[in-house]
Amino acid sequence: MVTKRHQETVVTRGAIENDTISGVAAKYWAPFTKETHEKFDAKLIDIIYENEMLKTQFNSRKIMMLEFSQYLEEYLWPNYQAQSASKAYNLSIVVMVNEKFRERSLDAWACFSKKADEFSGFFRRVLELSLQEESLSPMEHCALLTFLVNAFGSVETPIVHNETKKLVSIEMWHGLLPTQREDLFKKQKKLRKIWENVVRKMSNDGQFHREYLWNLIAKFKRILKIFDGSEGEEEGEDPVDSIKYCERFIELLIDLESILQTRRFFNSVLHSSHLLTNCLLSPLISTEAGSLFFQLVQLLKFYARFEIDDLSGRQLTHKEVSKDHYENVTRLQKAAFRFFKETMKDFYLLNVSGVDTRRALQKQFGDMAHEEVYRFAEYLHLVPEFGDDTTQHSDLLARFPHDYLVETITLHCERRPNQLTQLNEKPLFPTEKVIWDENIVPYESYTGDGVLALDKLNLQFLTLHDYLLRNFNLFQLESTYEIRQDLEDVLFRMKPFQHETRNETVFAGWAKMALPIEHFQITEVAKPLVGEKSPAVVRGVVTVNIGRRQDIRQEWENLRRHDVCFLVTCRSRRSATGLKFDVRRPFAEQIEVLSVRGCDVEGMLDTEGHLLEEYTSYEKKAKIPGDVRKFRLLLDPNQYRLDMEQSDKSDIYDSFNLLVRRDSKTNNFKAVLQTIRDLLNTECVVPDWLTDVILGYGEPDSAHYSKLSSAVPELDFNDTFLSLDHVKQSFPGYKIETTCGDSDVVPPFKLRFAELERRQDVEAKEAELRTITVTPLVRKKNTPYAYSPNKNQVQFTPAQVEAIKSGMQPGLTMVVGPPGTGKTDVAVQIISNIYHNWPNQRTLIVTHSNQALNQLFEKIIALDVDERHLLRMGHGEEALETEKDFSRYGRVNYVLKERLSLLNSVEKLAKALKVVGDVAYTCENAGYFFRFSVCRAWEEFLAQTSGKGLAHGIVPQIFPFSEFFSDIQNLFSGNNTEDLKVAHSCWRHIEGIFEKLDEFRAFELLRNGKDRTEYLLDGSLDMKYRMSNC
């Protein structure tokens, strides 16, 4: 539940000068009046806390004023003594630390390092205060929980981590049932030895810390019991404040479960305490006021069941999760066979899938006697042993009611949906319920005081799946926030109102990004694929009038395939009078949005209902008369299935009255979400050396090439260096050796680094490791024609050369610097060097903006990179300063044009070899011609020239392709050695022709532009570089 906090939290200069806090600060602790400060007065802290914090209900403006005056750094902490500090003193520090985190301060804990020895005592006092129930107000309880949330989220701060780790150590397991501990020891055998060592060292001094979270959970359960479902106020309690406390407490537990260091031993405590059972059975969860509490409990339930090995942090496979689930259900069936052999045959004889659903379990145990259900829970080690004492029986049955036991057994044994399956069945487009839910997507007035049902991007993550899933959810909500802004702007401009005579919504306004819908119809709902629930595809056709303004018409007609639009059903609120809308008033009070559904544009339809393919924009596009246009839309199949499954649904697909589009530059959210979802369905997403860095484990520099065993000791630096002196200048402190004399060394160079040659059996001296061996390279000519490749002319600095070297190695490289320091030149050189070192690999270049991508692309074109290996994706291609078209369709046209040119060369070669037949009709024919005629002629030439004692000038006479290269004057010189080199360069030229034709062969089989562009993207054509902006 998001509370309406103080809106005016901006502190101005006048407010600071006129506020009483500023005067008190100047008198006691302000840094600029340090020489005139009065002596420390502990009573002043109590007065400030009482008047400026507690009475104002922790007013953000008041707290911010204290933070500006450096109240914590200059007065509270320098004078703190744990033994004598009052409750107000400790809570004042707590509130100030929370304010620093609310303002996202990077050094919230920095001031505590000045008196680090006092921090342990302060933290202990905070923990003791958080367990009190009578002497603190609900707001103070919430402040203490917020402090704990911030503390557990600061695992990178040693002074804080040293205190929090005491609360989540294995000593917590002292509160588990002995049978529960035995179950854990069976799963992880080494834990038994660790536990026995811990028990021997366990003392009374650590009792408070090992029982703290148990006691905090017990306190939460007592607070949760005050709700009776009436949403009224009980005597002495404010339900609103209690709800805030419950929400904050669940946030704390979510944080503990979502970090491996805190989750490792706490997860067992969470399950043993049956806290989820208490939350799910609480009347609060089903009330309107408890909507946020319900969302938080669902998030906690998700992380409590996260598919991970709590001890090692290894992600569990679907097979391992299923095995654990089958064991739980099998134990339940064994209990039925043991205690109720005759009466429960239908239960224990069925297979697991027949009894493991929530509905089946609730039905089976809901009608059983209380004591019988307890026997089942005891057999599953969920509750203490029943024993033989009748008094104990009544106490245990009173402690664990019937519905409580049924829910506990159900949570333990019910079939858990696969996380990937849940994600794949989740709609990608937001609906009206999510868009205007402030618990999930707050407005800009949110101050950070309340709790949100959102994932957090911590410093550490459980698994790569967890990391991607949190980014998926947060990016989806971030895009939802932007979508809400666009929809509200459009709807205010459209000015919907209810027609006086007709029962329909009429629009009195106009918006560039929206059109009233004349007609919408679902045209196709394909059957689900095997193993799926949602339809394979859901298509619809929308009819709109695009008007007569030429610029607006063109924008709507230029909607591209996969552009995202929204179908909206809206109407004016009854309280809205006429056409008077005020953008300063809340949107929900003026316009009611009944439904919002996202969709992909598949294309515009012509007058006959046929889809106008996108590639026709490069050809002659048909002109459609009139102002009415029809667009074929692809709707989200998952959302359509959910809509159809609703029991009280009205057919929302017949009520859409507005089609809304968004700016294409900010409308790529669906593609990003789809990409993240595809990554989550991929087994291997990132290499091992990068996984720990992403998850926040190990050293941050562990992904640097110098720390990897896979570093490449010898690399071809191509044209990076301009001379040997440039090499020496680029590696100061290194010994440069050459494989030949210095006078003969000219670029390009291959460098061998001794420090990267890791040999375990040899101990090398430091001086030997700092040695670089330079080998000059002689490139073979690939063609007899004159050719001068573009070369690098930039003399890179040592820092830039190190960045180039790092970028060519395996591992993570980050090049950071202010504008004008050569980052783009370094990136281009890295790309060029990778291209020449690993010619069979592909490189994907992604930038944040079209301008940055175009700058990279233009410089790559200027280097020695074959243009057939380049592909520019995304918008902004038209801004490239080149006459060539590197877009998908431009590359297709280039391939078709180049194919014709190469086939003409094949025809010329056939005439030179006097081969009869149409060998240049297709790429396939050319391939047969190369294999059976050209290769045979070349092999005969090699056989004739392989022997010794060749006659002088014999090469030009026996060379079979002389007529093909007749356009080159003085091809051969008469020197056999040189002539053989020329002959081999001619052969490499011919080979290159047929290699290209073999790559282009698929374009003869694919007949339309769509298939050809998809072939380019599939990677079947050897496109070395794909460049896109995101």
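Cys111 sits out of reach of solvent for the most part: at 8% relative accessibility it falls under the 20% cut-off and so counts as buried. Cys142 tells a similar story in this predicted model, being buried with a relative accessible area of 13%. As for a partner, the closest cysteine sulfur to that of Cys142 belongs to Cys246, and at 8.8 Å it is too far away for a bond. A disulfide would need the two sulfur atoms within 2.5 Å, so the Cys142–Cys246 pair does not make one. A search of the whole structure comes up with zero disulfides.

Zooming out, the protein has 1030 residues, and 47% of them are buried. Its secondary structure amounts to 40 helices and 15 strands. The C-alpha trace spans about 115 × 85 × 80 Å along the principal axes. The accessible surface adds up to about 53400 Å², with carbon and sulfur atoms contributing 50% of that. Taking contacts between residues at least 6 apart in sequence, 72% of them link residues at least 24 apart.

Two of the helices are worth a look in turn. Helix α7 covers residues 116–131, and its 16 residues reach 24 Å from the first C-alpha to the last, close to the 22 Å expected at 1.5 Å a residue. Its buried residues are Phe119, Phe122, Phe123, Val126, Leu127, Leu129 and Ser130. Looking down the axis of α7, these buried residues keep within an arc of 160 degrees, so they line one face of the helix. The cover over them includes α6 (87–102), α8 (138–152), α9 (158–164) and α12 (207–224).

Helix α14 comes with a kink. This helix takes in residues 260–273, and its 14 residues reach 19 Å between the first and last C-alpha, close to the 20 Å expected at 1.5 Å a residue. Even so, α14 bends by about 45 degrees at Phe266. Phe266 itself is among the buried residues of α14. The helix as a whole is mostly covered, with 11 of its 14 residues buried. Besides Phe266, the buried set includes the aromatic Phe265, along with Leu260, Val269 and Leu270. Arg263 and Asn267 are buried too, as are Thr262, Ser268, Ser272 and Ser273. Right after α14 comes His274, which has a positive phi, near 55 degrees.

Definitions and conventions:
Residues numbered from 1 in each chain as written. Predicted model: local features only at pLDDT ≥ 70, side-chain atom pairs only at ≥ 80, totals over all residues. Heavy atoms only, no water. Helix = DSSP H or I, 4+ residues; strand = E, 2+ residues; numbered from the N terminus. Expected span 1.5 Å × (residues − 1). Bend = angle between axes of the 7 residues up to and from the residue. Buried < 20%, exposed > 50% of the residue type's maximum accessible area, 1.4 Å probe, protein only. Contact = heavy atoms within 4.5 Å. Areas by Shrake-Rupley, 256 points an atom, 1.4 Å probe, with all protein chains shown as cover. Arc of directions from axis to C-beta.
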